[in-house]
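Here are my quick notes for when you open this one up. Have a look at the overall fold first, then go to the ligand.

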Amino acid sequence: EKGPYRHFMLKEIHEQPDAVSRVVGQFIDRGAGTLAVHTPLSFDFAALPRLTVSACGTAYLAGAVGKYWFERYARLPVDIDVASEFRYRQPPLEPNGLAMFISQSGETADTLAALPYCADNGQHIASVVNVEESTIARESGSVFPLRCGPEIGVASTKAFTTQLTTLACLSLVAGRARGVLSGADVEALIEALNRLPGALAEALRAEPDIAEIARRLTKARNALFLGRGSLFPIALEGALKLKEISYIHSEGYAAGELKHGPIALVDETIPVIVIAPSDELTEKTISNMQEVCARGGRIILITDAQGAETHGAMAAEIIVMPQVHPFIAPIVAAVAIQLLAYHTAVQLGADVDQPRNLAKSVTVE
Ligand code: M6R
């Protein structure tokens, strides 16, 4: 039931602080402040030559963020592809690698079809799913359940942030097992994860401001989302979310790709949503933002208080997210792009829970 919420999507957006808190509890002993994995692992992170991820849509984009984390914190090479391409590509797989399938429903046809190829080619099989009785879960050696409750809105929200949180936790488990992260490194990153539920609750408090910004976004026919590093897949997710529920054409780009083509689109009619919380790459993204400004583009900047103070002057509108460790910043920014898409779609009178032409679970190819 929707309770006090107008749509399931909004209810599910608001469930995220509790949902991610439960995920963190599956991987971290909060009292001791140490990693404590509840799922028995059918593989050894220390021995993996490579991680191969297959998924579709938003689940794929969660995996794309995960790639940044596994490579950085565990020095584990990651290949990721949309399942519909992976399944027909017949990629060579190194023996004893880990194949990971990410799916809310656990029934997506292409993701499911990619699994036997990996099993037949010497991979351990792991899945990150919400529906624990699903086919993908049943065919996996290790299952990491999201346990975020049924997701009714066609647009994935709480499944996405719980997928991200699961991957973030697993990247630390892998980093520790592979001897990449020291005890002190892990402690700082665990502290960041412990702060995540509170940070998402704080992010939700920006909703009235975001709804106001959305009012102006409804006038746009096209929108561009930019991000760098682990925020790049969040830019892609921002564009996916906006287009699927509001029907405004939107594209996500790696900020550094701007001058390789998309900047040709920029004029005063196109809102450019720049996702740039404070981290080691902020300056780079901001210089791309300057290029957009110089061509008359209207910037909506998603950042934190520090970013707003330093770089806010250039933006037409600013969405201020809580100041967090860069590790969890993509999960926090996800809330901002979800609320932006939601309020834009609602103000356009769209059916946000059941967008045209879409099914919740894509069980045919
Ligand atoms: O059930 P799955 O996670 O496998 O579904 C994957 C995609 O179909 C899904 O994420 C889709 O892209 C959503 N509509 C995005 O909001």
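The points below run from the whole chain down to the ligand contacts.

1. Before anything else, keep in mind that this is a predicted model. The protein chain has 14 helices and 12 strands.

2. On overall dimensions, the C-alpha trace spans about 55 × 45 × 45 Å along its principal axes. The radius of gyration is 20 Å, which agrees with the value near 21 Å that a compact globule of 365 residues would have.

3. Now for the ligand site. The ligand takes up the space of the largest pocket. It has 13 residues around it, and the closest are Ser103, Gln104, Ser105, Thr108 and Glu244.

4. What is the shell around the ligand like by class? It has 7 polar residues, 4 nonpolar ones and 2 charged ones.

5. Which helices each supply at least two residues of the shell? They are helix H3 (57-74) and helix H11 (232-246). H3 gives the most, with 3 residues.

6. The polar contacts deserve a zoom. The side chain of Ser103 places an N or O atom 2.6 Å from an oxygen atom of the ligand. For Gln104 the partner is a backbone N or O atom, and the distance to a ligand oxygen is 2.6 Å. Ser156 also uses its backbone: a polar atom there is 2.8 Å from an oxygen atom of the ligand.

7. Last, on burial: the ligand on its own has 420 Å² of accessible area, and the protein covers 91% of that.

Notes
Residues are numbered from 1 along each chain as its sequence is written. This is a predicted model: local features need pLDDT of at least 70, side-chain atom pairs count only at pLDDT 80 or more; totals for chains, interfaces and linings use all residues. Side-chain values use heavy atoms; hydrogens and water are left out. A residue is near a molecule or strand if one of its heavy atoms lies within 4 Å of it. A polar contact is a pair of N or O atoms within 3.5 Å; within protein, one must be able to donate a hydrogen and the other to accept it, and residues adjacent in sequence count only if both atoms are side-chain atoms. Accessible areas come from the Shrake-Rupley method with a 1.4 Å probe; for residues, only the protein chains shown count as cover. On a 1 Å grid over the protein atoms alone, a cavity is a set of points where a 1.4 Å probe fits but cannot get out, and a pocket is an open set with protein on both sides within 12 Å along at least five of seven lines; lining residues have an atom within 4 Å of a point. A molecule sits in a cavity or pocket if more than half of its atoms lie within 2 Å of its grid points. Helices (H or I, at least four residues) and strands (E, at least two) are DSSP runs, numbered from the N terminus. Ala, Val, Leu, Ile, Met, Phe, Trp, Tyr, Cys and Pro count as nonpolar, Asp, Glu, Lys and Arg as charged, and the others, Gly among them, as polar. The radius of gyration is taken over C-alpha atoms; the globule rule is 2.2 Å times the number of residues to the power 0.38.
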